[in-house]
Every structure is written in C-alpha cells, then in structure tokens.
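I opened the model to look up a few local features. My notes follow.

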Amino acid sequence: MFRLTGIAVSPGVVSGRAVILNQRAQVLRYQIGRGRIEREVARLDESRERSRQQLHDIRERVASRHGADLASLFDAQLLMLDDPMVVPRAAEIVRAQRVNPEWALQQVLLDFNALFDEVADAYLRERKGDVSDLIGRLTMNLQRGVTTPRELLSALDEPSVLVADELTPSMAAQLDWTKVRGIATDAGSRTYHTAILARSFDVPAVVGLHDASARIEAGQIVIVDGDAGTLIADPDAEQIARAAHHGDDRPAAADPARQAPARTADEVAIRLEANIEFPDDLAAARYAGAEGIGLYRSEFLFADVPGDDVGEERQYEAYRKLLEGMAPAPVTVRTFDVDEHQLAQRAVDRSRGGGWIPDDQRASRQGLRGLRLSLMRPEMFRTQLRALLRAASHGRLRILVPFVSGVEQVREARRIANAVAAELAERGTHVPQVPLGAMIEIPSAAYTADLLAHEVDFFTIGTNDLIQYCLAVDRADERVSRLYQPLHPAILRLVLMVRRAAVRRRLPLALCGEMASDPAVLTLLVGLGLRSFSMTPGAITVAKQVLAEVRAADMRALARRVLRLTTADEVERELLAALGRLSLTRE
Ligand code: PEP
Ligand code: MG
C-alpha cells in the first residue's frame, strides 16, 4: 500500500480499478482479461499489415515524384516494422502485463527513446524520429476511428478510477461519466475547470498528484479520497470497505432534463447543436438533446467511403439521411474542408478502400484547402452543391463554407450555388431556399465580418482555426500548445467583433470551436452575448447542466470585467473566481 497526496477538489471516497490516461500521447492504459489477450495481439498484427501497406504506398508515391533516393528514407521504417523490438515486443508486453496494445506500443517507444538518448552518434539519434513516426502510425492504425477519451473509455469492461497526467476540461466534458468512479490527475488545482466538472457530477477527484499516472499500474486497485486529497494504491480490505461506491449509487441523469433545451438560471435560452463527422453520429447528437446539427464536417465522407465513390449519389444519400434523421431540426453541412494533400492521399488509398489523413498529419494547413480548393475545382464543388440542393427538400438544410478569407470568395460560392440550383430547377427538381453561411475562422474574415455580413445568411465562428491563425500557433504542434490560448484577449475581441457585425445585420450567429466544450469558457461566451453553440455531442449534457447554474446577467458583468484584462491567465483567473464563488454559494 502507498499513499500519494494532492489537492482535494471534489468530495467523496471511492475505490476501483485504475485506468491510466496519458493525455499527451492520447493513449489509455487499461487491464484486459485473459480471454482478450489473443484478440488484442491480433489487432497489433493487423495494424502492422495496414502500416506496411501505407508505407509501401508512400514510398512509391515519393519515388515517382521525387526519385528513389528520397523514397529510400521509408525503407528504414519498413525494416523497423519487422524488427523483433517493435511489434513482437509490444505483443510480449500485452501478454505479460495484460495491458492494451496502444499502451504496449507506448512502452516500446519509451524504451527506444531511452536507448537512443544514450548513443552519442547524431545520425543514430535522429532515427528517434523514425521510430516515433512508426509507432504513431501503428497506434493510429490500431485505433482507426477511435479518438476521443469517451470512445477509448467505452472499451472498458467496468466503471473505473481514471488516473491521468492531465485531463483538459473539453476532454473531461466528453467522458462517459457512468464509467468514471473517481478522478486523479498529476496536474491541476482547485480552480482547474475539470475540478468544477467533477464537482458538478459528484465524482470524487484529487488533482496535483505530480506523478500518479506514472506510479499507478493499470488495473491496480486504488482509492480516491476527495475529502482528504489522497490517492491510495493497493488499499487493505478495511480501507476498501470504508470507501463509498459512488459510481453504483449515482443516479443516471434524467432523460427529460437531457432532452430539454439549455437555459441559464435567469431563463435565457441557449441553443446547443452538435458537431458531427459521420452520419452515424446522429444518434449521439439526438441522445444528447442537440437542437440541430451545427456542423457536419462533410469531408469525413472521404474517410467513410470504400473506393473513390464520393460522387453525387453517395453524397446525396448521406445528406438525405442526415436531414431526415434530424428533421425538423436544422442540419448545417460544411462543404469539404480538405486540402490537396488529403485528396492526393485519397487517390493513393483508393485501391485499399478509402484513406484519410488526420488533421495533425496534414502537410499544409494554410494552402489550398476549404472553400479555396472548392473554387479551384469547381466540378467537385458543383457536385457537392448538387447533392446538397437535391437533398434539401428532405429537411432543414443550411450550407456552410469553410476557410473564407475574403468577400469575393463567398460571392463566387453563392454564384455557383445559384447556378447549380437553376440547373436543377430546369430539370424539374424542387430546390427550396437554402441559407448559405460562412465559417469565420481566419482573422481576415473576423476583421471584415461587417462586410461579409452583407453576403451571407449566417455566420459560424470556428475558433479552432481562428485561434491558431490569430495567435500563429499550429493547433497540432504540441510544442507550442501552451501558446494556444482560447482566452487570449485577442480572441475574445475577435469574437466580440464578429458578434457585433452579426447583430447589426440581424444575422444568425453560432460558435462551433472546441472552446465551447469547456463549460467554464462557454459561460464566458454567453457573457459576450453568444446564444448559439455547436459542440461535440458528448459535451452537451454537461454544458446544459453548467448553464442552468449561471445567470446570463452575471456572465455579462463578468465579460465586461474580463474585456479590460490584459492576459489569458488573468482572464482565466477572473473566470474561475467567478465560477468558484458560484459553486461556493451552491454548496
Ligand atoms: C474550427 O476551425 O473551429 C472548426 C470547428 O473547424 P475544424 O475544427 O473542422 O477546422
Ligand atoms: Mg476550421
């Protein structure tokens, strides 16, 4: 038995098996039953074969474009793929420690890194990058389609205690709380947004434990004591008996409450819609009580489709399914936000049944992408618009164009959409009026929101990109992740600027970036005057709960104070102090 001491942030005492979340590596570590071992090892083998195929394709493509010399760079990774220290070693770890293969691969990477750090040879040390690239690929291929902690946690057999290095509020908001008995994190303080969430869910939590996620083993029995601020590993029978089993007793959120629209404590209606990537996510959106789909990232059709058939018919069916599934609620379809690189990769992967490059592996985020690419390839754009407009009569469709940097682009988009609608009408297809909106996610669009407001029917603020372009921080580069500050005064001012432009033209405005999934930040956005949001379905229930606790009038006053502050840290402190006062008055 040993005891770690941290900061008590949510009261109560629970015991359970530990699940380790390494948020930085996006890898969960959990214990698997004996009967599951061979299945997990087989997953490793499948991932190796998928990775081999991808590497062969990449090498061929590079060879044909840039010559054999450059292509040979990938030979090293192909050789490593069969190295006994990689996949067989990971399989050994799975069998010996009965852990999931994602975690086993992470261990392999750590071992390699330690080994490379010891060698003096600079060339060999650089091979570290190859190994981490390869392990990343193997992990990605293991997890195909599994990305959020909610999905990762759904792989667990029983409700567990989550021990994490760090748990960001937007991730915490997406957790399946029925699977979480208690929380212990290495990082954090009492005003950590995640702590606020844990309190609102009545889940005992201890934060600031420094190295708990490294010291606790997956599957180890632990007690989270949210009163004393301790985490006890391998407790004795008496300690376990004393621990309350909150997880089993916690009442499930009542369904009517989940389905009711969001309202603040002073009865201001807040519209919460869902961001989805696949038509099948509709069930999750409806379950969460979303009032519509605020963002359907249609480019994920490329990921979902075998072969190269993302032609008009397939698109039409997907859009129709969405519209009918959500009717009478609205569905906002964002036209393809892909870049050239992703399209090229798709062409390579065609023979194997579709391919997709996750956002963090794309070559360019500032090049030919989104609406720019659609306008460069009018046939692709026209096909998408035709499919959309044909499907429009099956529900309430809104079309949203991404990556707009200037007025002329939306004018051109509207001209093409009107032409496609006229052609369809000529063929006898009924085409209803469909609102056309612009994503405000490039600073130039935010600065010219007053001009753009004359050209479109609605705005959706995409803060994921707006933050990265305004602060010049690549959202996928973790080395600068500390500078990615949603609460930076510049971001708050841009949001306010867009809101004012929208209000002046009475233009519907929503915000669909990840920052709205953080309930604390959401309340500030309400204070800034926003009334409509779109977020990942898993975050909606918590958002409703937190909104019901705050008064919009108080948040307005808070926003006024916050707008006078000078740094993101000051803003965060002010926000958390306000919410802290609120939870104190509740307690
Ligand atoms: C955004 O940029 O905020 C957004 C919602 O779009 P995506 O994350 O797909 O770029
Ligand atoms: Mg975006």
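I count a residue as buried when its relative accessible area is under 20%. The model is a predicted one.

Entry 1, burial. I looked up Ala-195 and found a relative accessible area of 2%, so I list Ala-195 as buried. Ala-195 belongs to helix 9, which covers residues 193–200. I also checked its distance to Ala-8: the two C-alpha atoms are 9.2 Å apart, with these positions 187 residues apart along the chain.

Entry 2, metal. Which protein donors does the magnesium ion (ligand 2) have? I find Glu-441 (OE) and Asp-465 (OD), at 2.0 to 2.1 Å from the ion. Glu-441 is in the loop between strand 15 (436–440) and helix 21 (443–447), and Asp-465 is in helix 23 (residues 463–470), so the pair ties together parts 24 residues apart in sequence. Glu-441 is buried at 1% relative accessible area, and Asp-465 is buried at 4%.

Entry 3, rings. I note four aromatic pairs in the structure. One of them is Phe-278 with Phe-300, edge-to-face, with 5.5 Å between centres and 80 degrees between planes. Phe-278 is partly exposed, at 28% relative accessible area. I also looked up Phe-403 and Tyr-469, an edge-to-face pair at 5.7 Å centre to centre and 65 degrees between the planes. This pair links Phe-403, in the loop between strand 14 (396–401) and helix 20 (407–426), to Tyr-469 in helix 23, 66 residues apart. Phe-403 is buried at 2%, and Tyr-469 is buried at 18%.

Entry 4, charges over rings. I find Arg-390 over the face of Tyr-316, 4.2 Å from the ring centre. The charged end of Arg-398 is over the ring of Phe-458, at 3.8 Å from its centre.

Terms used. Residues are numbered from 1 along each chain as its sequence is written. Chains are lettered from A and ligands numbered from 1 in the order in which they are written. This is a predicted model: local features need pLDDT of at least 70, side-chain atom pairs count only at pLDDT 80 or more; totals for chains, interfaces and linings use all residues. Side-chain values use heavy atoms; hydrogens and water are left out. Helices (H or I, at least four residues) and strands (E, at least two) are DSSP runs, numbered from the N terminus. Buried means under 20% relative accessible area, exposed over 50%, partly exposed in between (1.4 Å probe, protein chains only). Donors are N, O and S atoms within 2.8 Å of the metal (3.2 Å for Na, K and Ca); water is not among the atoms, so sites may look incomplete. Rings of Phe, Tyr and Trp (its six-membered ring) pair if their centres lie within 6.5 Å; planes under 30 degrees apart count as stacked, over 60 as edge-to-face and the rest as tilted. A charge sits over a ring if NZ of Lys or CZ of Arg is within 6 Å of the ring centre and within 35 degrees of the ring normal.
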